[in-house]
2 protein chains.
Amino acid sequence: MKSDLPALMKTRNLDALLIFGDALHNPPMVYFTGVHHVTEALLVIKRGEEPLLFSHNMERDEAAATGFATRSVTDYRFRDILKESNDDFALASARMLQRMLTDAGVTKGRAAVYGKRDAGQAFGLLGTITELLPELEIVGEIHDSVLTEARATKDAAEVERIRAVQKQTTEIVGQVADFLSRQRANDGVLVDKDGKPITVAKVKSKINLWIAERGLDNPEGTIFAPGAEGGVPHSMGSPDAVLRVGEPIVFDIFPKEAGGGYWSDFTRTWCLGYATDAAQALYDDVRFVYDTLISEIHADERCAVFQARTCELFKQRGHPTVNEDPTTNVGYVHSLAHGLGLDVHESPGFYGDPKTAKDFLRRGHVITVEPGLYYPERGMGMRIEDAVHIGPEGKPEILATYPLDLVIPLKS
Amino acid sequence: MKSDLPALMKTRNLDALLIFGDALHNPPMVYFTGVHHVTEALLVIKRGEEPLLFSHNMERDEAAATGFATRSVTDYRFRDILKESNDDFALASARMLQRMLTDAGVTKGRAAVYGKRDAGQAFGLLGTITELLPELEIVGEIHDSVLTEARATKDAAEVERIRAVQKQTTEIVGQVADFLSRQRANDGVLVDKDGKPITVAKVKSKINLWIAERGLDNPEGTIFAPGAEGGVPHSMGSPDAVLRVGEPIVFDIFPKEAGGGYWSDFTRTWCLGYATDAAQALYDDVRFVYDTLISEIHADERCAVFQARTCELFKQRGHPTVNEDPTTNVGYVHSLAHGLGLDVHESPGFYGDPKTAKDFLRRGHVITVEPGLYYPERGMGMRIEDAVHIGPEGKPEILATYPLDLVIPLKS
């Protein structure tokens with residue numbers, strides 16, 4: 001968590017963190033600032049010191065709301081620097097950054113860089129800064145950065161925020177179940193009271209309203225994928241697809257706090273009216289693995305061990321898995337879990353060799369648990385996903401419970 | 001526009017464009033692919049050739065929907081590469097990218113890089129790729145990239161998409177005006193029928209529902225800033241603030257197509273019930289400059305010329321401007337305009353020296369026109385903003401018209 005950062009920075013010999021970009025939908029920045037309408041900013045965090053936020057004058061009220069000391073980017077008079085640089089925008093940008101870093105006292109040592117911005121701009125700008133400030137080493141951590149490591153372990157306030165958004169998500173799921181159960185079937189297709197088929201687009205438009213009513217964002221949309229479409233894990237569901245009685249629908253929903261805060265992540269697979277024997281059998285296998293892993297998962301073990309265990313259980317039940325063939329498109333084709341926070345997929349990761357992989361499950365981690373089986377040629381996929389917090393006992397606590405039922409009965 | 005790219009690439013001696021990241025909320029990728037649930041992808045565009053999209057197996061349906069040739073990232077068996085790399089994730093990531101680029105035939109020459117991703121990861125990964133593929137020069141364009149240049153000029157389909165979202169935005173603005181006009185004042189404060197003050201948060205919750213009803217996204221929220229808060233251009237408006245009769249409210253709203261497509265951008269300043277003389281005088285100055293610039297703006301002139309003209313007109317009316325003092329917080333404190341497209345702020349830019357600045361206004365550009373005046377100490381700001389398309393005649397065509405009135409009369 002945040003309080004680990006000075007020690008983590010020391011271990012990796014980092015003198016400063018430089019975080020670029022907006023305080024919206026930009027996890028490294030939002031982690032420190034919270035969500036604010038501050039754009040194209042720079043947050044400088046020297047080891048063991050309070051952060052300093054550079055932002056535009058026009059956004060000074062929003063910048064002040066972060067509670068950090070602030071400096072105005074506008075005061076650097078970019079237009080003058082541009083003139084000094086003979087209208088070379090790239091050079092002027094680097095020179096302005098050089099002056100900001102100099103004023104912040106970051107001109108030598110090692111500084112790690114974070115924040116969402118254009119990859120080419122980052123490469124160009126940071127390369128030029130390395131020339132302008134030759135005593136400063138810019139560190140670009142590709143993986144396992146001090147920030148991703150700190151962020152993986154949530155403090156109590158973070159857990160409560162993720163729990164709150166996950167709870168709201170389960171409420172929306174309940175509204176969807178209720179909406180579907182109140183429709184009727186006509187020739188095996190779900191229709192509204194006027195006899196018009198309920199499409200995936202119709203369901204999603206309801207979902208979007210219910211998300212907006214709660215003041216949440218849904219930037220990546222919702223997976224509502226019936227039949228064969230649910231057989232490919234990330235198929236979103238075709239807007240015009242209709243819902244057939246008995247056909248499994250993979251419903252994976254992941255709204256986040258407005259402006260780019262903490263995410264939720266939740267999946268159920270539903271059959272409307274009834275389940276076929278084939279769907280029920282697939283469900284039973286996924287449910288068995290879900291129940292088993294929820295009971296077995298514990299802290300201080302390599303995450304990859306639980307992925308291996310999931311593969312083992314699915315294999316015992318006759319399913320192909322990524323353990324035998326990493327490129328399989330049928331059976332169990334993905335990871336059991338991922339960290340959940342300001343990114344919808346963050347540390348820890350559940351891949352790699354169960355004997356050597358680096359990521360261990362720790363108390364304070366918030367992760368998904370999401371076993372699934374995929375058979376597009378049989379016209380179905382099946383996934384159950386909950387978000388859990390690894391509590392003080394080292395065991396998973398489901399953040400927001402919701403019935404695991406496969407079948408949504410139709411009331412009429 | 002897109003069709004300019006091969007020539008632009010040739011001029012700058014670029015052999016390939018490498019676009020990283022998601023096909024969601026990532027303008028460089030969405031520009032080619034459209035919005036799809038494809039994440040952590042790589043699009044390779046060799047000069048004059050059809051793009052090739054690398055993406056995860058789990059998202060193969062969504063990748064196929066882009067219409068591009070696709071390759072599965074999964075087939076590169078990252079886990080094996082990780083093992084070969086002694087669990088060095090950073091090295092393994094670079095080696096996998098090396099193999100993908102080799103298969104795409106991009107191992108030498110000059111390749112420009114784009115796409116939103118973590119700045120540090122980009123810097124680290126691209127630095128390592130430069131070592132692994134020494135004949136390939138990675139080009140990080142900080143400004144005026146071939147992509148921003150191509151994207152600035154919109155083709156007919158793009159103009160229609162921006163027009164459509166801008167039109168929906170004006171419809172929402174109309175709903176807000178109608179909602180406000182139906183409330184009544186109590187001791188100078190707008191209240192609902194139960195006598196409860198209407199807060200900024202209440203208005204924004206309505207706006208969010210109306211945005212969701214239209215299937216649009218609103219990732220950065222809405223500026224609805226009454227009184228002194230409107231005197232700082234990007235203050236969002238405090239949630240608990242009440243609305244006072246006669247007090248100017250800066251209302252700047254900018255939803256975008258769902259999943260990260262084209263943006264709208266629109267501002268009106270409103271006084272509920274009536275305007276004070278001071279507010280009316282400020283409005284008249286902004287309106288005069290708006291009308292003048294809308295009539296004067298034309299293609300094939302430096303954009304900075306129109307910014308200088310705006311400053312000149314405001315100065316004549318006795319207002320401080322950024323021309324005399326780039327750091328001023330009162331009077332005219334920002335740019336007249338910015339390009340509007342897949343980014344809410346994109347090329348062309350209206351800053352710099354009117355005699356030497358690089359950006360010219362061109363037919364096909366879509367820009368905002370948004371003069372404003374800011375006097376936080378006087379308790380008010382004033383801005384009018386429309387989005388315009390520079391049409392075949394070289395003149396601005398307002399994409400979606402909406403009344404410019406300052407006063408929203410209260411019906412009761």
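Domain bounds, as used here, come from an automatic or database domain assignment. The model is predicted, so local features need pLDDT of at least 70 and side-chain atom pairs count only at pLDDT 80 or more, while totals for chains, interfaces and linings use all residues. Residues are numbered from 1 along each chain as its sequence is written, and chains are lettered from A in the order in which they are written.

**Exercise 1. Describe how the two domains of chain A are placed and how they touch.**

Step 1. The assignment divides chain A into domain 1 (2–149) and domain 2 (153–408), and the centres of these two domains of chain A, taken over C-alpha atoms, are separated by 36 Å.

Step 2. Two residues are in contact if their C-beta atoms, placed from the backbone, lie within 7 Å; the contact takes 11 residues from domain 1 of chain A and 11 residues from domain 2 of chain A.

Step 3. Helices (H or I, at least four residues) and strands (E, at least two) are DSSP runs, numbered from the N terminus. On the side of domain 1 of chain A that touches domain 2 of chain A, helix 2 (27–33) and helix 7 (146–152) of chain A each give two or more residues, and the largest share, 3 residues, comes from helix 2 of chain A.

**Exercise 2. Characterise the interface between chain A and chain B.**

Step 1. Contacts join 70 residues of chain A to 70 residues of chain B, and helix 6 of chain A gives the most to the side of chain A that touches chain B, with 9 residues.

Step 2. By class, that side of chain A has 26 nonpolar, 25 polar and 19 charged residues, where Ala, Val, Leu, Ile, Met, Phe, Trp, Tyr, Cys and Pro count as nonpolar, Asp, Glu, Lys and Arg as charged, and the others, Gly among them, as polar.

Step 3. Two strands pair if DSSP finds at least two bridges between them; strand 6 of chain A and strand 6 (residues 116–118) of chain B pair in the antiparallel sense over 3 bridges, and Asp118(A) has Lys116(B) as its bridge partner.

**Exercise 3. Locate Tyr114(A) and decide whether this residue is buried or exposed.**

Step 1. Tyr114(A) belongs to strand 5 of chain A.

Step 2. A residue is buried if 20 or more other C-beta atoms lie within 10 Å of its own, exposed if 12 or fewer, and partly exposed in between, with C-beta atoms placed from the backbone. Because 27 other C-beta atoms lie within 10 Å of Tyr114(A), this residue is buried.

Step 3. Not counting residues up to four places away in sequence, Tyr114(A) touches residues of both chains, including Leu17(A), Pro28(A), Asp118(B) and Gly120(B).

**Exercise 4. Examine the backbone of Asn86(A) and Asp87(A), and then the peptide bond before Pro348(A).**

Step 1. Asn86(A) lies in the loop between helix 4 and helix 5 of chain A, where Asp87(A) is also placed.

Step 2. Although Asn86(A) is not a glycine, its phi is positive, at about 50°; for Asp87(A), likewise a residue other than glycine, phi is near 60°.

Step 3. Asn86(A) is exposed because 9 other C-beta atoms lie within 10 Å, whereas Asp87(A), with 14 other C-beta atoms within 10 Å, is partly exposed.

Step 4. The peptide bond from Ser347(A) to Pro348(A) is cis, with omega near 0°, and Pro348(A) is found in strand 16 (residues 346–349) of chain A.
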